[in-house]
Amino acid sequence: MEFTATNTSSLNWSGDILALGLFEDQIELTGDLSTLDDKLAGTLKELITETEFKGKADRSISTRVGGNSPIRKVILVGLGKSDALKLDSLRRAAANIAKTAKSLKGKSLGVSLPIFETPETTAQAITEGIELALYQDTRFKSETDDKSHGIEQIELLGLPGTESAITRAKQICSGVILARELVAAPANEVTPITMAEMAQSLAQEYGLELNILEKEDCEKLGMGAFLGVAQASDLPPKFIHLIYHPSVTPRRKLAIIGKGLTFDSGGLNIKPTGGGIEMMKVDMGGAGATFGAAKAISQLKPDVEVHFISAVTENMISGRAMHPGDFLTASNGKTIEVNNTDAEGRLTLADALVFADKLGLDAMIDLATLTGACVIALGDDIAGLWSPDDQLAIELETASKTSGEKLWRMPLEDKYFEGLKAIHADMKNTGPRAGGSITATLFLKQFVEKTPWAHLDVAGPVWADKDNGYNSAGATGYGVRMLVNWVLS
């Protein structure tokens, strides 16, 4: 599938399928659209009238064009109200166009959507929407009904000179797709071993520095919290540290830390069936986004040094498993009473945060499918954001608005840490049921000493039960585009 940017307008374009965006409050055909409708023998006006099309967001209609028209079919996609247009409006409209065009079985597609902010940002949003909407993960199917979407040529009309934005979008989407594939793959395919191999492939292909700490290395660093989770698995834990070094002196040094539980049984506090344990392949959604961002950033080559970190393991059940009530010692010397073995992600993150905090960074963030409490609070589409640093929180909120990946800043109520205090250890790994996502964050905060830090609980948006735009049902790749925007800011 090839993208091109052209100065050709919708009025003069010829090809299989022409897609046009219409605002809800500007549905009347005027100017070039009126001229185009005359050229198409009134097809546009007839289509709008017969379908009672109002230009509402996420709505699209299509029809075949008769006669000797230079185009065969036309798609009209709603953009909502003009004063509510955002980059994500264009991204979603482009995704809608792509899926509709796929069903119409054309080879060439011309896309005409309004410019928002700049031609470059517009071209990038449109390309992202199309790329992500048309991606299909068929790796584990023996047969597929549709192995190709059929569209071979996509022209972005009225956006000349935006080829670099198109390239940037495709590089970012390659990272999103990697994250989707990591999260969607089952736990017998994505293991600590294969995650390390994937990191090695990224390092070799994109010139990244890679350090993998084996179990013995983690023991020397005193990573008792991480290793406590890992001790029941027959597969060795892998602490992955991937580094992008810019070719110039970096203006910032950042870290992205992803929770990397390739499968979470819950340990001896075993998870229930029916919406619980069978989906725990997604518990490395934070790590998936981390390494997806690594793939994108290494192609974009910003002047920022970025560390991609994940303490990768399984949380399993065996005669070696940690017990409820065990005490663990993290690498900063703090002791933890494990009162729930199913609150394991924060244990692995504890040692990862201590490790990152020693790197001399300007800022670091972690992403984790950490708590069901965050899903209860914010639903399936919105991630929770916690940070004691207002500037870092603002940076992430800005990055989120540009990417269209929703997050909401949550309170960091320090007095809630009282619920984590233990009698004989420094803290327990879980507190009261109330405010569970807040106490989980306060637990993580004990392992950050000096670096500006933010925590993202992505338990909801890493997986979608149904298609919700350019995120197909299944793994969404949530966070990759936001992370890239943050690094580039």
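Where does D342 lie? D342 sits in the loop between β13 (335-337) and α10. Keep in mind that this is a predicted model. Below is a quick tour of the annotated binding residues, a neighbouring loop, one pocket and a couple of odd backbone angles.

**Annotated binding residues**

- UniProt, in an unreviewed entry, puts the label "binding site" on K259, D264, D283 and E344. These residues span 86 positions in sequence, yet no two of their C-alpha atoms are more than 11.5 Å apart, so they gather at one spot.
- The "binding site" annotation (unreviewed entry) from UniProt also covers D264, D342 and E344. Although this set is spread over 81 residues of sequence, it clusters in space, with a largest C-alpha distance of 8.4 Å.
- D264, which appears in both of those lists, belongs to strand β10 (residues 260-264). D264 counts as buried because its relative accessibility is 1%, and the cut-off for buried is under 20%.
- D342 is a partly exposed residue, at 24% relative accessibility.

**The stretch at 340-347**

- UniProt's unreviewed entry places "domain: Cytosol aminopeptidase" at residues 340-347.
- Over residues 340-347 the chain is 38% helix and 0% strand. The C-alpha atoms at the two ends of that stretch are 11 Å apart.

**T369 and its partner D283**

- T369 is in the loop between β14 (363-368) and α11 (372-378).
- With a relative accessibility of 9%, T369 counts as buried.
- What joins the side chains of T369 and D283? A polar contact of 2.6 Å does the job. D283 is one of the residues that UniProt lists under "binding site" in the unreviewed entry.

**D362 and a long-range neighbour**

- D362 is in the loop between α10 (345-357) and β14, and at 40% relative accessibility it counts as partly exposed.
- D362 and P452 are 90 residues apart in sequence, but their C-alpha atoms are 6.8 Å apart in space.

**The second largest pocket**

- This pocket has a volume of about 420 Å³.
- Its lining is made up of 21 residues, and Y135, Q136, D137, S472 and A473 are the ones nearest the centre. The elements giving two or more residues to that lining are α3 (87-104), α4 (119-134), α5 (163-184) and β20 (474-475).
- What is the chemical make-up of the lining of the second largest pocket? Seven of the lining residues are nonpolar, five are polar and nine are charged.
- Both domain 1 (2-137 + 149-157) and domain 2 (170-488) take part, each giving at least three residues to the lining of the second largest pocket.

**Two positive phi angles**

- A41 has a phi near 60°, a positive value in a residue other than glycine. A41 is in the loop between α1 (31-39) and α2 (43-51), and counts as exposed at 69% relative accessibility.
- K105 also has a positive phi, near 60°, and is likewise a residue other than glycine. You'll find K105 in the loop between α3 and β5 (108-112).
- Is K105 buried or exposed? K105 counts as exposed, because its relative accessibility is 68% and the exposed class starts over 50%.

Key
Residues numbered from 1 in each chain as written. Predicted model: local features only at pLDDT ≥ 70, side-chain atom pairs only at ≥ 80, totals over all residues. Heavy atoms only, no water. UniProt positions renumbered as here; feature names shortened; annotations may be inferred. Helix = DSSP H or I, 4+ residues; strand = E, 2+ residues; numbered from the N terminus. 1 Å grid on protein atoms, 1.4 Å probe; cavity = no way out; pocket = protein on both sides within 12 Å on 5 of 7 lines; lining within 4 Å. Points joined across faces, edges and corners; volume = space filled by probe spheres on them. Nonpolar A, V, L, I, M, F, W, Y, C, P; charged D, E, K, R; others polar. Domains from an automatic or database assignment. Buried < 20%, exposed > 50% of the residue type's maximum accessible area, 1.4 Å probe, protein only. Polar contact = N/O pair within 3.5 Å; in protein donor to acceptor, adjacent residues only side chain to side chain.
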